[in-house]
Amino acid sequence: MLQLSDSQLATMWSQGDAKAFNRLLELYKDRIYRLAFRMLRNKSDSEDVVQETFLRAHLNSHRFDATKNFSNWIFSIGKNVTIDLMRKKKKELSMDTSAFPSQDERPLIEKLVSLEKTPELQLIEQETFSQVEQMIQDLPDKYKDLIVYKYYLDMSLEDISREVNLPVSTIKTRLFRGRNYIKRKWGSLFFMLHSLSTMIIL
């Protein structure tokens, strides 16, 4: 297959080209996995998110606008799938912790770095990621995707530049302004929660 843009591949896929679908799957499955894993911290759940993301994309391929950015479209689906799973697990965990009240009186930080994956710790994880996700959803569009690429997917500036088709200098400027926007709106809370989420050991 010739070197085609993601949007061109998506258009071919929406017209029934199976090879185009396979190419998009190869290009994005690891990125969607990393996005889900940063939020869910669970390998099996993250793999399920990848499958569900591409299933939803396949069922809605006719809705893809070829004039739009495919990566934004597929990541939006991936984030929604992940959030749906988080809400489902949060509800289940909330019922678990209500049925079996925790007797563990250790400080929160000790629980977070513990190897023990208790229902209480899992609920804390879900609450933390849910709060960070809501903050990201509240960001202006010009910052939102860049923050996700940088802090969720750990992408380099060069990779982000190729992804969004903007110069690295523009990426740096928008990330800087995005961080300042976050600090003005939430202070250090966003970065504290993001750091806290990366401390949780599976």
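Q: Which residues does phenylalanine 70 touch, not counting residues up to four places away in sequence?
A: Happily, this predicted model lets us list them. Contact here means heavy atoms within 4.5 Å. Leaving out residues up to four places away in sequence, phenylalanine 70 touches Asp6, Ser7, Ala10, Trp13, Leu24, Tyr28 and Phe64.

Q: Which residues touch the most other members of the largest nonpolar core?
A: This core has 44 residues. Among the elements that give two or more residues to the core are helix H1 (6-14), H2, H3 and helix H4 (70-99). The members touching the most others are Trp13 and Phe70.

Q: Are H2 and H3 parallel, antiparallel, perpendicular or oblique to each other?
A: Let's look at the axes of helix H2 (residues 18-40) and helix H3 (residues 43-59), which come within 8 Å and cross at roughly 140 degrees. Angles over 145 degrees count as roughly antiparallel, and 65 to 115 as roughly perpendicular. H2 and H3 are therefore oblique.

Q: How do the residues of the contact of H2 with H3 divide into nonpolar, polar and charged?
A: On the H2 side, the residues include Phe21, Leu24, Tyr28 and Phe37. They meet H3 residues including Lys43, Asp45, Val49 and Phe54. The contact residues divide into 12 nonpolar, two polar and four charged.

Q: How many helices and strands does the secondary structure of the protein come to?
A: From the N terminus on, the elements run α-α-α-α-α-α-α-α-α-α. The secondary structure thus comes to 10 helices and zero strands.

Definitions and conventions
Residues are numbered from 1 along each chain as its sequence is written. This is a predicted model: local features need pLDDT of at least 70, side-chain atom pairs count only at pLDDT 80 or more; totals for chains, interfaces and linings use all residues. Side-chain values use heavy atoms; hydrogens and water are left out. Axes are lines fitted to C-alpha atoms, for helices over the stretch in contact, and angles run from 0 to 180 degrees between N-to-C directions. Helices (H or I, at least four residues) and strands (E, at least two) are DSSP runs, numbered from the N terminus. Angles under 35 degrees count as roughly parallel, over 145 as roughly antiparallel, 65 to 115 as roughly perpendicular and the rest as oblique. Ala, Val, Leu, Ile, Met, Phe, Trp, Tyr, Cys and Pro count as nonpolar, Asp, Glu, Lys and Arg as charged, and the others, Gly among them, as polar. A nonpolar core is a set of buried Ala, Val, Leu, Ile, Met, Phe, Trp, Tyr and Cys residues joined through side-chain atoms within 4.5 Å. Buried means under 20% relative accessible area, exposed over 50%, partly exposed in between (1.4 Å probe, protein chains only).
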